[in-house]
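Welcome, and thanks for opening the viewer. Keep a selection panel and a distance tool at hand, and we will walk through the model stop by stop.

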Amino acid sequence: MHLVLLQHMSDTFKTIARYQYSTEAQIVKGRLEADGIPVFLSDSFTIDTDPLVSNAIGGVKLKVYAKDALRAQHILQSISKYALDDKGNTIACPKCKSETITLFSTIKDLKSFFAFVFGVLFAALPFYTKHKYRCDVCNTEFDLK
């Protein structure tokens, strides 16, 4: 019975990261699989079909077996992504000066809202979205000047 329980625990998945788009998740998946860690992507097909629902469903979830989670998280930390400006300089948070920054899209103004509605009605990709940056440490949202 103990062996059956141990086998069941090793078959459970743990979400170790979330990505707004499946392309980011695919890159990390390839890196983890190169180190021998099996990876499962949840909701990637849904987001590939309609990228506008990414924030609503929590993005693409990168999952690994629970027994591999600690090793996979360590690998993710070693390849941590950093945002760069157009000149190749690392972007830092204006509040806490952290360099762990994530780019994301928003629909907060009238122009981006109408582009979203047009995209939904005519099954087209959005023509206009506003991109912002978010600090992974203090959650401050900001634009580049």
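Of the 145 residues of the protein, 30% count as buried, where buried means under 20% relative accessible area, exposed means over 50% and partly exposed lies in between, with a 1.4 Å probe and protein chains only. Before you click further: this is a predicted model, in which local features need pLDDT of at least 70 and side-chain atom pairs count only at pLDDT 80 or more, while totals for chains, interfaces and linings use all residues. Residues are numbered from 1 along each chain as its sequence is written, and side-chain values use heavy atoms, with hydrogens and water left out.

**The whole chain**

Switch to cartoon view. The secondary structure comes to 6 helices and 6 strands; helices (H or I, at least four residues) and strands (E, at least two) are DSSP runs, numbered from the N terminus. Reading from the N terminus, you will pass α-β-α-β-α-α-β-α-β-α-β-β. Among contacts (heavy atoms within 4.5 Å) with a separation of 6 or more, residues 24 or more positions apart account for 63%.

**The largest core**

Now select Ile16, Tyr19, Leu32, Leu62 and Val64, the residues with the most contacts inside the largest nonpolar core, which has 17 residues. A nonpolar core here is a set of buried Ala, Val, Leu, Ile, Met, Phe, Trp, Tyr and Cys residues joined through side-chain atoms within 4.5 Å. Which elements give two or more residues to this core? They are strand 1 (13–19), helix 2 (22–34), strand 2 (39–42), strand 3 (60–65) and helix 5 (69–78). Helix 5 provides the largest share, 4 residues.

Centre on Leu62 next. Not counting residues up to four places away in sequence, its contacts include Ile16, Ala17, Tyr19, Ala25, Val28, Leu32, Val39 and Phe40.

A second, separate core has 6 residues, including Cys93, Tyr133, Cys135 and Phe142. We will come back to its cysteines shortly.

**Along helix 2**

Select helix 2 and put the distance tool on its end C-alpha atoms. They are 18 Å apart, which agrees with the 18 Å that its 13 residues should span at 1.5 Å a residue; the expected span is 1.5 Å times one less than the number of residues.

Colour Ser22, Ala25, Val28 and Leu32, the buried residues of helix 2. They cover an arc of only 125 degrees around the axis, so they sit on the same side of helix 2; the arc is that of the directions from the helix axis to the C-beta atoms. Covering these buried residues are elements including strand 1, strand 2, helix 3 (44–49), strand 3 and helix 5. Rotate to the face turned away from the buried side, and you will meet the exposed residues Thr23, Ile27 and Ala34. Just after helix 2 comes Gly36, whose phi is positive, near 85 degrees.

Stay a moment with Ser22, which is buried with a relative accessible area of 6%. Its side chain joins that of Asp48 in a polar contact of 2.3 Å. Such a contact is a pair of N or O atoms within 3.5 Å; within protein, one must be able to donate a hydrogen and the other to accept it, and residues adjacent in sequence count only if both atoms are side-chain atoms. Leaving aside neighbours within four places in sequence, Ser22 is in contact with Ser44, Asp48 and Val60.

**Two positive phi angles**

Most residues other than glycine have a negative phi. Select Asp43, in the loop between strand 2 and helix 3: its phi is positive, about 70 degrees, although it is not a glycine. Asp43 is partly exposed, with a relative accessible area of 28%. Then jump to Lys97, in the loop between helix 5 and strand 4, which also has a positive phi of about 70 degrees. Lys97 is exposed, at 57%.

**The cysteines**

How many disulfides are there? The count comes to 0, a disulfide being a pair of cysteine sulfur atoms within 2.5 Å. The closest cysteine sulfur to that of Cys96 is in Cys135, at 3.6 Å, too far for a bond. For Cys138, the closest is in Cys93, at 3.6 Å, again too far for a bond. Cys96 is partly exposed, with a relative accessible area of 33%, and Cys138 is partly exposed at 26%.

**Last stop**

Finish at Leu103, in strand 4 (residues 101–106). The C-alpha atoms of Leu103 and Tyr133 are separated by 4.5 Å, with their positions 30 residues apart along the chain.
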